[in-house]
Amino acid sequence: MAAMIDGVKEKCGNVMRPIFVTCDPARDTPLVVKQYLSEFHPDLIGLTGSYEDTKNMCKAYRVYFSTPPEVKPGQDYLVDHSIYFYLMDPEGDFVEAIGRNFSAEEAVNVITNHIRDWEGYLDRK
C-alpha cells in the first residue's frame, strides 16, 4: 500500500487522497484508527463511524464484511472482510478495484493511467 502511494506521488505528484475506512467501528475509534494507520503511510486518512453508517457504506460500495453475532463487551473477535483498494475519480465515482493480484508496480501503472485521463480536470483544481 505504501509503495503504491509513493509510486503514484512520484509519477503524478500529490494528486491522490488515500482513505482507509474501518469495517469494525465498535473497536476502531478515531484514535485507534490514527495509531493503526501511522504504521503504514503518513498520507492515509482514516474514517470510522457508527455501525449503521459502516454497513450502509459497505453496501453502497459492495464491500463484504462480517462481524460475529452477539459479541459481548470486551470479547475478542475477528472481522472478515473483502480486501480491495477502490480507485475513485475526482468526482468521487468508482473507477476500478485493485486487488491483491496486482503488484505495487502494476497498481501504480493502473492508477497513473487513470490520473492521466483526468489531468485536465486536476489542472483546474
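**Reading a pocket and some salt bridges**

Author: By class, 33 nonpolar, 4 polar and 4 charged residues make up the lining of the largest pocket. Keep in mind that this is a predicted model.

Reader: How do people find a pocket, and what volume does the largest pocket have here?

Author: Rolling a probe the size of a water molecule over the atoms shows where empty space is left. Here, the largest pocket comes out at about 1400 Å³. Of its 41 lining residues, Ile 19, Phe 20, Val 21, Tyr 84 and Tyr 86 are the closest to the centre.

Reader: Which helices and strands each supply at least two residues of that lining?

Author: Helices H1, H2, H3 and H4 do, along with strands S1 and S5.

Reader: OK, salt bridges next. What should I look for, and how many are there?

Author: Look for a side-chain nitrogen of Lys or Arg within 4 Å of a carboxyl oxygen of Asp or Glu. That rule gives 3 salt bridges. Take Asp 43 and Lys 9: their closest N and O atoms are 2.8 Å apart. Asp 43 sits in the loop between H2 and strand S2, while Lys 9 is in helix H1, so the pair ties together parts 34 residues apart in sequence.

Reader: And which residues are linked in a network of salt bridges?

Author: Asp 24, Arg 27 and Asp 76. Arg 27 meets Asp 24 at 2.6 Å, N to O, and Asp 76 at 3.2 Å. Arg 27 and Asp 76 lie in loops 49 residues apart.

Reader: Is Asp 24 buried or exposed?

Author: Buried means under 20% relative accessible area. Asp 24 has 8%, so Asp 24 counts as buried, whereas Asp 76, with 66%, is exposed.

Methods. Residues are numbered from 1 along each chain as its sequence is written. This is a predicted model: local features need pLDDT of at least 70, side-chain atom pairs count only at pLDDT 80 or more; totals for chains, interfaces and linings use all residues. Side-chain values use heavy atoms; hydrogens and water are left out. On a 1 Å grid over the protein atoms alone, a cavity is a set of points where a 1.4 Å probe fits but cannot get out, and a pocket is an open set with protein on both sides within 12 Å along at least five of seven lines; lining residues have an atom within 4 Å of a point. Grid points are joined across faces, edges and corners, and a volume is the space filled by probe spheres set on the points. Helices (H or I, at least four residues) and strands (E, at least two) are DSSP runs, numbered from the N terminus. Ala, Val, Leu, Ile, Met, Phe, Trp, Tyr, Cys and Pro count as nonpolar, Asp, Glu, Lys and Arg as charged, and the others, Gly among them, as polar. Buried means under 20% relative accessible area, exposed over 50%, partly exposed in between (1.4 Å probe, protein chains only).
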